[in-house]
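Good morning, and thank you for making time on the agenda. I should like to take you through one structure, beginning with the chain as a whole and then turning to one helix and one sheet.

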Amino acid sequence: MLKILHSADWHLGKRLQEYSRLPEQELVLEEIIQIADREDVDLVLLAGDIFDTFNPSHEAVELLYKSLKRLSKDGQRPIIAISGNHDSTQFISAPNPLAKELGILFYSQYDQVLSTGQLDSGIEVTQAAPGFIELKLPKYNFPIRLILAPYANEVLLKTYLGEEDKEAELRNVLGQKWKEIADKYCDDNGVNLFMGHFFFIKEGEKPEAEPESERPILHVGGAQAIYTHLIPENIQYAALGHLHRYHAAGKSPCPIVYSSSPLAYSFSEANQEKKVVLVEAEPAKQVSYKALGLEQGRPLYQETFSSLTDTLEWLEAHPYCFVEITYETDSSIDAATRKAIMKAHDGIVSLIPKLSDLGKIQDNSLQAEDLGQDMGTLFSLFYQSTKGIEPNEEIKTLFNEIISQKDDQ
């Protein structure tokens, strides 16, 4: 039985405001390596958003290469990785000539054709075409086929699909391309897989909220979210990246699964359990799969308090986390309270004041007649109209300092 580990959305180099997540990423990648070894995994699928930016830091790149080398067991376990919307297509494919020697294959462009041939480990790339690869592993007498669908913007997709298709809905044209590949290469004599980095939903289903950093690609090149029924019928498992929550986007024609990101990367992901997916497959049979929880990394919390004592007690009880605190108060948070809270914990990302009795707020919206006021008064009115509370003395002093600096220029 072929064992596959499916992961996605590593976002190496990601920050949470001023906080680097690299130390946590190193820990959770070590955990993923241990899971792959413990479960005796044969193949790893990494479904996009490997890095968080087009120009990742040296530390993020080094972490990726060191982790993949160990995850590949120095070339004994193949890894196939596609690019996501956060990745540079050129950067992702650049290490292929060297990475292939360790059985690590990067795929980022739709016109890319990976080279065929056998590696020293016995792993063999037996067939390759645009958007497709077939592998043969020494311990199995059947091939493994993969349709590859990395993220691409509208320009790249139209280049791949052809100028004559520019008026067609890209999702339908993509579906047709995938069907053509599956019809040509994916018969019942092998294990047939799909890996993509897109927003998939069932046709007619209301889309869920995407992670904050992913929302710009809800619509791909004018085509709305791609429908799950466009996965070809002879595919046995679809490994997806992009949405950061573990869930199955569909079960027909096969399990269509988002593995989740390995860490919570925004407060919209607070309280989510992060996972990788273990898949067992053989030709012409339904796959079985299960999600394995990840333990490493700081959890993210959103908490509301109305007293300093309760706030400090909670912070003391949760030393290893990131937290966004909403602090209920009758006025702005005074300097002493703010200092006590911020000093108590090293993972406070935001401290947000909230009036405990909104009914006491009068209509403080700015009026046209207010425009004759001085800058300090206008700022106070604006702050109060947006925040519901008056700015404290610290904020007023800071504003006056900024204004005075501008006047001096």
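How many helices and how many strands make up the secondary structure of the protein chain? There are 10 helices and 21 strands. Please keep in mind that this is a predicted model.

Some overall figures come next. The protein chain has 409 residues, and 52% of them are buried. Its accessible surface is about 19500 Å², with carbon and sulfur atoms contributing 48% of that area. Among contacts with a separation of 6 or more, 66% link residues that are 24 or more positions apart.

Let me now turn to helix α2, which spans residues 58-71. Its 14 residues reach 20 Å from the first C-alpha to the last, close to the 20 Å expected at 1.5 Å a residue. Which residues of α2 are buried? They are Ala60, Val61, Leu63, Leu64, Ser67, Leu68 and Leu71. Because these residues cover an arc of only 160° around the axis, they fall on the same side of α2. The other side of the helix carries His58, Glu59 and Lys66, which are exposed.

What do the buried residues of α2 pack against? Their partners are α1 (22-38), α3 (89-93) and the strands β4 (43-47), β5 (79-82) and β6 (104-107). After the helix comes lysine 73, with a positive phi near 55°.

Three of those strands bring us to the sheet. In general, strands of a sheet pair through backbone hydrogen bonds, either parallel or antiparallel. Here we have an open sheet of 6 strands in the order β6-β5-β4-β1-β17-β18, and its pairing is mixed. Why do β6 and β18 each have one side without a neighbour in the sheet? Both stand at the edges, and each has a single partner strand, so one side of each is left free of a neighbour in the sheet. From one strand to the next, the twist averages 20°.

At the β18 edge, β17 (residues 275-281) and β18 (288-293) run antiparallel and are joined by 6 bridges. One bridge pairs valine 277 with alanine 291 in β18.

Finally, how do the helices lie on this sheet? Helix α2 lies across β4, β5 and β6, and runs at about 130° to β6. Helix α1 lies across β1 (2-7), β17 and β18, running at about 170° to β1. As noted, α1 is also one of the elements against which the buried residues of α2 pack.

Thank you; I welcome your comments.

Technical notes: Residues numbered from 1 in each chain as written. Predicted model: local features only at pLDDT ≥ 70, side-chain atom pairs only at ≥ 80, totals over all residues. Heavy atoms only, no water. Helix = DSSP H or I, 4+ residues; strand = E, 2+ residues; numbered from the N terminus. Buried < 20%, exposed > 50% of the residue type's maximum accessible area, 1.4 Å probe, protein only. Contact = heavy atoms within 4.5 Å. Areas by Shrake-Rupley, 256 points an atom, 1.4 Å probe, with all protein chains shown as cover. Expected span 1.5 Å × (residues − 1). Arc of directions from axis to C-beta. Pairing = 2+ DSSP bridges. Axes fitted to C-alpha atoms, helices over the stretch in contact; angles between N-to-C directions.
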